[in-house]
Amino acid sequence: MLESRSAVYKMLKDKAHKDRQINTFPRPYRHDATPYKQLDFSRIVKEACSSDRPLMAGLKISKAIFLGDVAVGKTCLVNRFCHQVFDSNYKATIGVDFEVERFDVLQVPFNLQIWDTAGQERFKCIASSYYRGAHVIVIVFDLTSLMSLSHCQQWLEEALNANSGSPHIFLVGTKRDLMTRTAFLEVEGHAVRLAEHMGAEFWAVSSRTGDGVSELFCRMAGLAFDSSVCREKETAGNTVTVGSNLVSKLKLTLHSAYLLVKSGIHVVTSWTKRIP
Ligand SMILES: Nc1nc2c(ncn2[C@@H]2O[C@H](COP(=O)(O)OP(=O)(O)OP(=O)(O)O)[C@@H](O)[C@H]2O)c(=O)[nH]1
Ligand SMILES: [Mg+2]
C-alpha cells in the first residue's frame, strides 16, 4: 500500500501536512448559513491544548459520514481532499469506502475518520450500518440537480436515526464548476433555506477545481476537535469527581480494614498463642 494511502501511516505521522495544521478557528462558508456561530475554539479547549496534562496525550478520533444520492460527487470530494485527485469517470461506491485524515489542531494530533457511503439503493443496507457513532454528518447534493437537493432531508433523517449524540451537520453542494453565476445563486438560495431547516451548515464546492474543498474539511476538523476535547474534559471532570470520591471511600475502607486487621491480628495472635 502506498504510504500516502495508508490510514495507519497517516495517524502515526509525527506531524500533519502543512495544510492540515489548524491554529486558528476555521471559518464557515457563509456566516449566515451555519448554526455553529462560535468564532474561536472554546476557552476550555485552548487551555487544555496549551497545557501538558496527560488528558491531551490520547489519540483523538472523530467520525465523519458522507451520504447523498447516487453520483452527486461524494467520492470525488473525499478523493480530492485525501489524495488531491479528480476522476471524471463515474465509479459507483460499493457499500462504503474508508479514509483517515490526520490534522494537528492547536498542535494536538487529531484524526478524522471519513466514511464515504454508496448512494445506490441496492447498497443502502450495507452503507447504513456504518452511520452509527458519527460526530459529523455530511449530506452531499449536486448543485446541478435540484432533485438531489430535495432528497437531503431524508438522508439526514436516516443518519440521525442511527445516532444519539448531537453531531455537526453539513449540507454540501458539489460541482460548483458546472454552474453559471446566476444559476448558482438561485440554487444556493434554496440550499441555504434547506440547510437552515435541517440545522446544517451550508457549503458549495468543486472537486474538479478543488474550490472550497480544503476549507470544508478543515472546518469539519475544527468543529469536531473542539467538541471532542470539550467532551473529553467533561468526562475527565466526572472521572476525577467520581475518582476522588472513590479514593476517599477507598481511604476510609482501607483505614477500617487496617483497624480490623490490626484487631484481627491481635485476636489471631492471641488465638495462635493459645494453640500450643
Ligand atoms: N464537473 C464536476 N464533476 C464532478 C464533481 N464531483 C463529482 N463529479 C463527477 O460526478 C460523477 C459522480 O461522482 P462520484 O464522486 O463518484 O459520486 P458518488 O456520490 O460517490 O456516487 P455513488 O458512490 O454512486 O454514491 C463522476 O463522474 C465525477 O467525475 C465536480 O465537482 N465537478
Ligand atoms: Mg461514491
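Begin by selecting strand E2 together with strand E5 (residues 136–142), which run parallel and are joined by 5 bridges; within this pairing, the bridge partner of Ile65 is Ile137 in E5. Keep in mind while you look that the model is predicted. Now add strand E4 (residues 108–117) to the selection, since E2 is also joined to E4, by 7 bridges, and these two strands run parallel as well. Across that pairing, Lys63 stands opposite Gln113 in E4. If you colour E2 (residues 60–68) by burial, you will find the strand mostly covered, with 7 of its 9 residues buried.

Next, widen the selection to the whole sheet, which is open, has 7 strands in the order E1-E3-E4-E2-E5-E6-E7, and shows mixed pairing. At its edges stand strand E1 (21–22) and strand E7 (201–204), each of which has a single partner strand, so that one side of each is left without a neighbour in the sheet. To see the partner of E7, select strand E6 (residues 168–174), which runs parallel to E7 and is joined to it by 4 bridges; here Leu171 has Phe202 of E7 as its bridge partner.

Leu171 also leads into the interior. Select the largest nonpolar core, which has 61 residues, and pick out Ile65, Val138, Ile139, Phe170, Leu171, Met220 and Ala221, the members that touch the most others. The largest share of this core, 10 residues, is contributed by helix H8 (residues 213–274). Centre the view on Met220, and, leaving aside residues up to four places away in sequence, you will see that Met220 touches Ala64, Leu112, Val136, His168 and Phe170. As general background, nonpolar side chains in soluble globular proteins tend to be buried together.

Turn now to ligand 1 and display the 25 residues around the ligand, of which Gly73, Thr75, Cys76, Thr93 and Gly119 come nearest. Coloured by class, this shell has 8 nonpolar, 11 polar and 6 charged residues. Which helix gives the most residues to the shell? The answer is helix H3 (residues 74–83), with 3 residues. Select H3 on its own and colour it by burial: 8 of its 10 residues are buried, so the helix is largely enclosed by the rest of the structure. The buried residues are Lys74, Thr75, Cys76, Leu77, Val78, Arg80, Phe81 and Cys82. Just after the helix, Gln84 is worth a check of its backbone angles, as it takes a positive phi of about 55 degrees.

For a loop, go to Thr144, which lies between E5 and helix H5 (146–150). Is Thr144 buried, partly exposed or exposed? It is partly exposed, because 16 other C-beta atoms lie within 10 Å, whereas 20 or more would be needed for a residue to count as buried. Apart from residues up to four places away in sequence, Thr144 touches Lys175, Leu178 and Met179. A distance label drawn from the C-alpha atom of Thr144 to that of Phe184 should read 8.4 Å, although the two residues are 40 apart along the chain.

Finish by colouring the whole chain by pLDDT, which averages 85, with 78% of the residues scoring at least 70. Over residues 240–276 the pLDDT is below 50, and this stretch has 0 contacts in the model beyond near neighbours in sequence. With everything displayed, the chain shows 8 helices and 7 strands, and buried residues make up 37% of its 276 residues.

Notes. Residues numbered from 1 in each chain as written. Chains lettered and ligands numbered in written order. Predicted model: local features only at pLDDT ≥ 70, side-chain atom pairs only at ≥ 80, totals over all residues. Near = placed C-beta within 6 Å. Nonpolar A, V, L, I, M, F, W, Y, C, P; charged D, E, K, R; others polar. Pairing = 2+ DSSP bridges. pLDDT = per-residue confidence, 0-100. Contact = placed C-beta atoms within 7 Å. Core = buried A, V, L, I, M, F, W, Y, C linked by C-beta atoms within 7 Å. Buried ≥ 20, exposed ≤ 12 C-beta atoms within 10 Å, placed from the backbone.
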